[in-house]
Structures are given as structure tokens and as C-alpha cells.
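Hi,

Here is the structure I promised to pass on, along with some notes on its charged side chains. Have a look at it first, and then read on.

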Amino acid sequence: MSHAPTFVTCSSLSFDWPDGTSVFNGFQLAVGRGRTGLIGLNGCGKSTLLKLIAGELTPSGGQATSAGTVGYLPQDITLDTALRVDQALGIATTRAALHAIEAGEATEANFTAVGDDWDVEERALATLDQLGLARIGLDRTVGELSGGECVLLRLAALLLARPDVLLLDEPTNNLDLRARRRLYAAVESWSGVMILVSHDRELLERVDQIAELRDGEVRWYGGNFTDYEELLAAEQESAERMVRVAEADVQRQKRELADAHVKLARRKRYGQKMYDTKREPKIVMGARKRAAQESAGKHRIMHTEKLADARERLDQAVEAVRDDAEIRIELPATQVPPGRRVLTLSGLRLAHGATAAGEWELRGAERIALVGGNGSGKTTLLRTIAGLLPPASGEAVTHVPTRFLPQRLDVLDDSRSVVENVARFAPHATNNLIRARLAHFLFRGARADRPAGTLSGGERFRAALAALLLAEPAPQLLMLDEPTNNLDLASVRQLTGALESYEGALLVASHDVPFLESIGITRWLLLDGELRPTTAEEVRASLWHE
């Protein structure tokens, strides 16, 4: 890797989507060596920015430049299933030439293909081992790998290429706990320029600085995510204090303006009285009247300007206070009495082989975390309980109204508005009632009329959650499959707040341990071939130890 200074620069960068929607307008950015965590609300342009830096998109104006080579790991990775691992790593040609030379074919073409990369196989295997992929070797095909393994394989290819700048977009999505630990270690060992977009708090604790993209600009915070939260809290406390000061100033200026009007009215009445009684010569009274009017005008203008200035300072102070609204809902119909039977699994064997031997029960308003590696069957289990997949044997019986929110959020009809989607699940609710309830999910006015297909990731999640929670009958068992995937940190906080209001039973499959801990999990279950009890401590231990 080059030891020259490396950096990323965006100069007067502008970008518009084909429909005219503007994402950036005159955007400026300069990133130096180190690990930068890029955060911001869903739809603010984080992924678009990485694509512009990587050259995947062309700016409408300005430019994005990088000193050195750029490696880019997109959020959605699709690899040709027929590719061999060495082809996916980009070393197949070099490896073939190396083997040919070893077999006696010492041609100029083979030596040129190898160049100085004589240890390519050793480096490739070491990189795969670093990411926990040693067992897959170089000759297997991509089609034999899980989705999480494909993400790590693509990262391995980037690490092997040794770019000067590494761009990662939500790299921990679809990774199980062990794979996440491998990725965390790779991020911590990176010494070049890295920009990573993520909502994974554990990953953001491993960066050197936080860059927050908000309203088309970047604000910088030194340190990791915890440092960012502390700095932001101090900023917001100061901003709220300034709002209180500015509000008091506006009220004072209003009082002074009102007092000025009273004084001017008194002067006017006195002058009129003097004129009516003709106690002074007409010319003197006329001059005095003109002077009084001129003075009154200046006085009124001065106080009006002071009030306008005070209001402007208040507007500026209010603007500095963030209004990242939270979901607030009351759903008494979702309440489950303690001890009530909610779910029973009896001798269950899933379609893909995993089992829940014996009998398992969920009672009352339990909150169960379902954890396990990629491909262990968590989604299959949830879909089986929801009645979307038949079990291979045994049965899963729900005893209360149940709703399931899948990873793909395909419960929504993209062609229908948010209101219409909710109405599908609550056909007897009036339009006014649906809109009133949607307001608690932050869909107010025209926002509730937007087609589901135009929503951002966070908005789509809120709409899907609203559709399920407002359904008739109200769900007393809610099942969520990787709910925090593709949600920004503000949306994760909104989801946590919404689940605090939910009074039914929860069954949540997730790799996001901090999120699971934040929603009051009462029981942890591990699916690894078969279902068994575990603890938060064991889950965290599995994250850091083989």
C-alpha cells in the first residue's frame, strides 16, 4: 500500500436523480487518513455519496476525487453463483499463471501475469482466514456460500487489492455475530482511509471520527459513536438553553413595543389637547406636532426592528434544536395477560432441518430474542409460526392474533398510499381514525398519502410497522425478522420507542445485540441445529470468542 497521503475530496458536488430530485447541491467534503463513520437519517444521501466517490454515479456538477485507488463494498451485493472463489477474489489469472510456471510453462506471458505477486495464494488464504472463511478454499463456487459469506468474500477481495481508500456501505447487514466480529477486527486493523456507512453501534465504536450528514452538509465529531452522543447531547442542551433565552428576549421586546405604543398614544392625546385649547401659537404647535410625529416614527421603527431581530435570533436558536420525532403509540388491545398461552411449538422440525425438540411455550407478554448464525433457520422458524411455511413435522400453534414483519417489508403494496395500505389491514376503521393513528407513526397530512413505493427505508419500515400494529384484530404476538437492517440510528430509536409502547408478546430475530438489549428481552433462544435457551452474556461471548 502506498505511504503517500491519501484523502477524499468533494468540491461543489451536486447530484440530482433523473426525476429532478436534488440530493446534493454545492456539497463540500474532505476526508483524511483514518476510519470515518458516516451517519445520518434514512434518505439523506449517505449511500449516494459513497457511490459518487466510488465512481458508480456521475455528479450533476462539481467533482468527487480520491488520491489513490478506491475499494467499494456496496450495501447490496450480488455475485455470480458460478464464479469460483479465486475469481471472486480477482486472483484467478495470477493464480493460473503461477501454477503454469510451477508446471514448467515459463513463458513471458505467465511471468507478466504474476508480476511481483508470487505469494498471491498465501495472501488470499490468510485473508480468508482473517475473515473466518478459511474452510471455503479457493476452488469452491460462490453458489455454495451463504449471503453473509458472500459479503465477507467481497470484503476479502477488497483487502487483497489493498486500495488506498476503502468505502463500506452497511457492511454488517446479513452478518451473524461471529461474522460481525471478524469484520470488526478487519475494520480496526485498517490503516488507510476508510469511510463506512453503518447503523451498527458496535461497529461505530471502532471509528476515529464521526461525520454526520444532515441537510446537505457534514458536521464532524472527533472520536467514536459514544463520544458523538456525548458531544451532541451537550450541543442540544446549549441549543435548548439559547431557545429559552431568545424566547425571553422576544417577550421583552414585545412588552417594550407595547409600552412605546402607549407612550406615543399619550403624547398624541396631549398634543391634540394643547392644539384644541390653543395655549401656544399655531406655528409652534405645528412644529412640535411634526417633531413628535417624527420622533414617534423613529421610536416605533426602533422597537419594531428590535422585535424582528429578537424573533430572528429565536428562529436561529430553534433551528439548532433537533426535532427527530419519536413514534408514540397506545395500543391497549395488544395487551396480553400474564400467564396467557401465546405460542406452542410441539416436536417441530423445520423444512430446512432445524428442530425445536419437545414442547416450547411462550406465555404472557414475554419478549424473546431469537439468535443464531446465518442459515441457522431463524427466518424459516418465524415464517413457519406465521403459517407461511409448512413444518417438516410437528406443529407450531399460535393462540392469539399474530403478525409477522419480514426483512423485505413486502407486507406493503407499493402502488398504494400509506393510508390505503393500513386500511387493507383495518378495513372497518374510518379514514379519519387511520390518519389520526398514522400521525403517531410520523405520517401526518400529505405524508400519509405518499405511495409506499416512494418511501425511504426508514419510512417504509414505519409504514409496515403501522400497518401491522393498527391491524384488526390487534396483534398480541408480534414477530420481527432483522428489524434494524437498513434503518438509520434515529429510526432504530423510533422503533425502540414504539416497542416500549407495545403491550403484547414479542419474538425478534436479530444479530443486533445492543438493539435486543434495549427492548427489554426477557428470554434468549439460540437456534443452531436445534432450539435451546441461551443468555445475553453467552451471546456476547460468542461475538468475541471462537
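**Salt bridges in the model**

The count comes to 21 salt bridges. Please keep in mind that this is a predicted model.

Let me start with Glu 149, which forms a salt bridge with Arg 135; their closest N and O atoms are 2.2 Å apart. This pair links distant parts of the chain: Glu 149 sits in helix H6 (residues 147-161), while Arg 135 belongs to the loop between helix H5 (120-130) and H6, with their positions 14 residues apart. The two partners also differ in their surroundings. Glu 149 counts as buried because its relative accessible area is 14%, under the 20% cut-off. Arg 135 is exposed, as its relative accessible area of 58% is over 50%.

Next come Asp 414 and Arg 460, whose side chains meet in a salt bridge with an N to O distance of 2.8 Å. Asp 414 lies in the loop between strand S14 (402-405) and helix H12 (418-425), and Arg 460 is in helix H14 (residues 457-469), so this salt bridge ties together parts that are 46 residues apart in sequence. Here Asp 414 is partly exposed, with a relative accessible area of 40%, whereas Arg 460 is buried at 16%.

Glu 202 and Arg 206 form a salt bridge too, with the closest N and O atoms 3.9 Å apart. Both Glu 202 and Arg 206 are buried.

Finally, there is a network to look at: salt bridges link Arg 84, Asp 86, Arg 95, Glu 121 and Asp 139.

Best wishes

Note on methods: Residues are numbered from 1 along each chain as its sequence is written. This is a predicted model: local features need pLDDT of at least 70, side-chain atom pairs count only at pLDDT 80 or more; totals for chains, interfaces and linings use all residues. Side-chain values use heavy atoms; hydrogens and water are left out. A salt bridge is a side-chain nitrogen of Lys or Arg within 4 Å of a carboxyl oxygen of Asp or Glu. Helices (H or I, at least four residues) and strands (E, at least two) are DSSP runs, numbered from the N terminus. Buried means under 20% relative accessible area, exposed over 50%, partly exposed in between (1.4 Å probe, protein chains only).
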